[in-house]
Amino acid sequence: MKRAQVRQELVEIFGPRGVLWEDHHLLLYEYDASIDKGRPDFVVFPTSTEQVVAAVRIANRYGLPIVVRGAGTGLSGGAVADQGGLMIVTTRMRRILEIDPVNLRAVVQPGVVNIAVSQAAAAHGLYYAPDPSSQKACTIGGNIAENSGGPHCLAYGVTTNHVLGLEVVLPDGEVVEVGGAAFDWPGYDLTGLIVGSEGTLGIVTQAILRLMPAPEAVVTLLAVFDTVDQASEAVSAIIADGTIPGAIEMMDHTAIQAVESAKRCGYPMDAGAVLLIDVEGLPEGLEELAHHIARICEHFDAREVRIATDPAERERLWSGRKGAFGAMGRLAPSYYVQDGVVPRDQLPRVLRQIQEIGQRYGLTIANVFHAGDGNLHPLILFDERDPELTRRAVEAGAEIIRACVEAGGTLTGEHGVGLEKRDLMPLLFSPADLEAMARIKAAFNPENRLNPCKMFPSTKMCLETWSRRKARMTEPVRYRTTPPPAEMEELWI
Amino acid sequence: MDLTTRYSLNGSVPAIVRQPQTVEEVAETLREAARSGWAVVPWGSGAHQGIGHAPTRYDLALDLIRLSRVLRHRPANLTIRVEAGIRLADLNAMLAEHGQWLPLDPPFGNRATIGGILATGLSGPLRARYGSARDLLIGIRVALADGTLIQGGGEVVKNVAGYDLPKLFHGALGTLGVIVEAAFKLWPRPRAEATWVFSFPRVEAALPLTLGMLRHPGFPLAVEVLNARAWEILREEIELPADPGARVWVLVRAGGWPAQVERIGRDAVAAASGARARDRLPEETASALWARVPSVAVLPTPAPVGALGVRLGLLPSQLTEGAAALEALEEIPVLWRAHGTLGLIYAEGHGPLETLLRWAQALRSFALAHRGHFMILGGPEGIKQTLGLWAPLRPEVEVMRRIKAQLDPEGRLNPGRLGWA
């Protein structure tokens with residue numbers, strides 16, 4: 001490849017400050033928040049759709065793979081340039097173009113940070129509902145690529161339920177609009193297909209989002225249980241009862257230990273599990289609803305249910321959940337997080353299985369997760385400096401995913417397949433299913449220019465990378481070794 | 001079986017009709033069709049076969065009505081997996097025993113099958129609260145044109161493994177594959193419900209109510225707007241309030257805990273300060289009304305002669321302009337009904353062909369000028385051919401064509417249904 005020539009063409013478009021090509025710069029863009037890494041050859045920072053198109057055309061001219069990256073908070077390697085090539089970083093496309101407070105719409109560029117949409121809408125009593133725990137850092141573009149969820153997606157749905165239309169740059173540089181501000185755009189639902197496609201179908205350069213009216217009142221319940229079993233039975237019963245709270249989150253004993261030693265949130269240290277439940281909406285009937293849920297928890301032997309209506313107290317209860325991943329550093333140098341989902345009536349059984357898997361591999365596993373959705377986040381604790389422990393952590397992770405699939409669940413609820421889980425796809429999908437998905441990909445991305453080797457099980461072309469990755473697994477280079485600084489804690493969730 | 005009456009479409013009759021009893025039989029039938037080069041039209045109840053162009057070729061009617069089993073209902077997970085031929089009404093009757101429902105109320109929902117509802121992507125008033133089938137569908141199984149069975153999604157409420165295939169097949173009018181199974185997330189039935197009705201002298205007088213309900217944190221179940229003519233149709237069947245001076249009626253359906261329902265009703269009454277009449281409907285009236293409303297202003301299949309059904313996709317705030325455009329031609333009596341918080345308007349006009357064409361042309365231009373969309377839902381094939389099924393037809397249609405070519409390369413599934421595929 002004529003590296004100097006590519007560089008020169010990129011500089012002409014993006015200016016010397018808009019292109020990175022030196023190794024010590026590229027190093028910063030070789031990873032996301034997952035365990036994989038790969039160094040791009042060039043990184044550019046477009047500020048407009050036209051610049052994205054120009055970058056795509058240059059990549060096409062020189063046969064470079066394209067990887068799009070937002071804030072790099074992804075948890076499955078989706079934004080890792082493991083094939084090298086041109087990385088397009090969207091963080092300078094961060095304008096909120098329009099807030100329509102009458103029709104409850106927002107038009108934003110892909111680099112807008114998730115929480116910035118809600119902040120801009122707050123003046124109108126509105127907000128953007130999907131709330132990934134990294135919402136203070138992650139971008140709307142990344143949320144769209146991964147179809148991100150969050151604690152409050154239980155009641156309001158995930159990203160795809162809140163995206164109405166997109167402007168997309170296709171891999172050949174053509175710009176198309178899909179969907180729009182109105183509902184039910186005729187024809188195939190390309191918007192629905194592109195959301196969650198992990199950057200393999202097109203580059204989103206603009207998005208039309210739905211906003212929601214902010215709840216008038218919120219009550220937070222903390223239900224304390226002696227065992228995980230009781231807590232998960234209670235979750236199942238709350239769902240079966242037909243009460244759908246705004247969020248139901250669970251933390252097990254190990255997670256509580258970590259959280260309480262990092263900061264005091266008021267979770268009893270000897271509890272086997274706690275549930276954090278938000279009920280929200282109109283103030284009318286809300287306390288009645290909260291007490292109704294409290295009674296269900298008590299029926300499943302909750303030893304204590306605290307009901308918090310005061311914002312400061314609610315904040316304190318939630319701060320433990322939000323800082324939970326970061327707090328794991330108190331227990332072990334590294335963690336490996338899984339994202340399987342199970343039917344909610346299977347939670348008690350699968351959580352027992354996860355503990356059993358942990359014991360078998362000699363690893364401690366903490367659970368901090370979206371219980372109301374059945375979306376597990378087992379955190380496998382290990383020490384990345386020990387290759388044997390690392391191998392066991394990765395194997396235990398795969399076994400947990402298998403257990404989720406066998407229980408009627410799925411590989412990933414919100415983190416995406418990316419590089420991390422692509423070879424587990426056959427657990428869920430037949431060769432015919434994968435072939436159909438490959439055909440859909442070919443309709444958008446026939447030359448496999450966009451985010452190659454992601455989401456699909458390793459093909460021949462990608463095998464080389466896979467073996468590189470496997471080699472890395474036995475000698476890992478970048479698991480987090482220290483807990484993130486306090487101000488970063490909330491991002492690592 | 002009389003093929004000509006039951007499966008005829010725009011005057012054309014299939015040579016072969018099959019009613020497979022299992023998913024495997026569907027796949028086998030499609031393999032046979034592939035070997036024989038047959039053009040295939042998947043059937044549910046036939047309630048919405050009038051949507052889209054009439055197929056350009058039609059050899060086999062693949063009727064899924066015998067695929068009507070519930071495969072797995074997990075009441076404690078609020079999910080269900082069913083075969084595509086099951087009728088929505090039967091499914092909801094079963095779910096009612098568990099205090100649950102699949103909150104969809106598309107036109108002709110008493111007949112419509114799950115497969116047909118998914119393929120057409122039509123929604124009803126309840127969409128205001130629960131979203132459309134697109135939002136409730138969590139998994140799908142599809143037989144492709146060559147008989148290959150594929151699945152996407154699953155039976156869990158959150159799932160990002162692989163492409164979101166359920167979204168692709170939803171609303172594709174049976175041109176990409178034959179939907180054979182579907183999994184949904186369910187909702188508990190509301191503990192309490194009530195319906196309020198308001199009449200207004202002008203459409204714009206109703207907007208404070210519809211837009212107020214759009215941003216109401218109590219999330220009303222439905223906010224449906226009907227013009228006076230559509231209301232009169234309902235009054236012929238159900239005992240409802242009358243108001244000769246009304247141009248438009250708004251129905252607000254609230255659900256939830258009793259205190260929440262009362263609060264939503266209070267706020268609706270307050271927001272409807274420009275209303276001429278306001279009333280809380282007796283429970284039985286409301287229940288009869290909601291069974292009937294979703295089919296108002298949508299043409300049945302086959303469409304009556306001299307009628308055209310259309311849909312406008314606008315912003316909720318553009319209801320006034322939309323209504324004015326719909327009623328602009330005096331010689332065309334129009335029934336229309338809108339999802340007031342969503343900006344979708346369904347309308348049927350009656351008149352001679354050339355007047356209907358003029359009406360449709362004007363609506364098409366109106367939608368384009370307002371950055372919305374226009375679609376013909378039912379009526380004479382000639383008008384569909386002249387105007388095209390929908391507008392705007394943007395460059396993205398090229399991507400749709402490529403998807404169609406990838407999944408049905410011989411173009412044998414519902415050929416010509418979309419005009420371009």
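## A walk through a predicted two-chain model

In chain B, B:Val40 sits opposite B:Leu60 of β3(B). That pair is a good place to start, though keep in mind that the model is a predicted one.

**The small sheet of chain B**

The two strands behind that pair are β2(B) and β3(B), the latter covering residues 60–63, and they are joined in the parallel sense by 4 bridges. They belong to an open sheet of 3 strands with parallel pairing, ordered β1-β3-β2 in chain B. At its edges are β1 (16–18) and β2 (40–43) of chain B, each of which pairs on one side only. Going from one strand to the next, the twist averages 20 degrees.

**The sheet of chain A and its two helices**

Chain A has an open sheet too, with 4 strands in the order β1-β2-β4-β3 and mixed pairing. Here the edge strands are β1 (19–20) and β3 (66–69) of chain A, each pairing on one side only. Strand β2 (42–44) of chain A runs parallel to strand β4 (86–89) of chain A, and 3 bridges join them. Want a residue to click on? A:Val43 stands opposite A:Met87 in β4(A).

Two helices pack on this sheet. α1(A) touches β1 and β2 of chain A, and its direction makes about 10 degrees with that of β2(A). α3(A) touches β2, β3 and β4 of chain A, with its direction at about 170 degrees to that of β4(A).

How do α1(A) and α3(A) pack against each other, and at what angle? α1 (residues 3–14) and α3 (residues 49–62) of chain A pack at about 170 degrees, and their axes are 10 Å apart. Angles over 145 degrees count as roughly antiparallel, so α1(A) and α3(A) are roughly antiparallel to each other. From α1(A), the residues involved are A:Val6, A:Glu9, A:Leu10, A:Ile13 and A:Phe14, and they meet A:Gln51, A:Ala54, A:Ala55, A:Ile58 and A:Tyr62 of α3(A). By class, the contact of α1(A) with α3(A) has 8 nonpolar residues, 1 polar and 1 charged.

**Domains**

Both chains come with a domain assignment. Chain A is divided into domain 1 (3–91), domain 2 (96–213) and domain 3 (217–321). For chain B the assignment gives domain 1 (3–63), domain 2 (70–188), domain 3 (192–291) and domain 4 (307–391).

Here is one pair of domains from each chain, by the distance between their C-alpha centres:

| Domain pair | Distance between C-alpha centres |
|---|---|
| Domain 2 and domain 3 of chain A | 30 Å |
| Domain 1 and domain 4 of chain B | 29 Å |

In chain A, 4 residues of domain 2 are in contact with 6 residues of domain 3. The domain 2 side of that contact has 3 nonpolar residues, 1 polar and no charged ones. In chain B, 6 residues of domain 1 are in contact with 5 residues of domain 4. The domain 1 side there divides into 2 nonpolar, 4 polar and no charged residues.

**Where the chains meet**

How many residues of chain B are in contact with chain A? The count is 68 residues of chain B, in contact with 74 residues of chain A. On the chain B side, the elements giving two or more residues are α6 (133–136), β8 (149–153), α7 (165–169), α8 (207–214), α10 (258–271), β18 (373–378) and α15 (396–407). Which of them gives the most? That would be α15(B), with 8 residues. By class, the chain B side has 32 nonpolar, 23 polar and 13 charged residues.

**Backbone details worth a look**

Chain B has a cis peptide bond between B:Thr301 and B:Pro302, with omega about -5 degrees. B:Pro302 lies in the loop between α11 (283–292) and β15 (307–313) of chain B. The peptide bond from B:Ala391 to B:Pro392 is cis as well, with omega near 0 degrees. B:Pro392 is in the loop between β19 (390–391) and α15 of chain B.

Over in chain A, A:Asn147 has a positive phi of about 50 degrees, although it is not a glycine. You'll find A:Asn147 in the loop between α5 (140–146) and α6 (153–156) of chain A.

**Confidence**

Chain A averages a pLDDT of 91, and 93% of its residues score at least 70. Over residues 465–493 of chain A, however, pLDDT stays under 50, and for that stretch the model has 44 contacts beyond four places in sequence.

Methods. Residues numbered from 1 in each chain as written. Chains lettered and ligands numbered in written order. Predicted model: local features only at pLDDT ≥ 70, side-chain atom pairs only at ≥ 80, totals over all residues. Contact = placed C-beta atoms within 7 Å. Nonpolar A, V, L, I, M, F, W, Y, C, P; charged D, E, K, R; others polar. Axes fitted to C-alpha atoms, helices over the stretch in contact; angles between N-to-C directions. Parallel < 35°, antiparallel > 145°, perpendicular 65-115°, else oblique. Pairing = 2+ DSSP bridges. Domains from an automatic or database assignment. pLDDT = per-residue confidence, 0-100.
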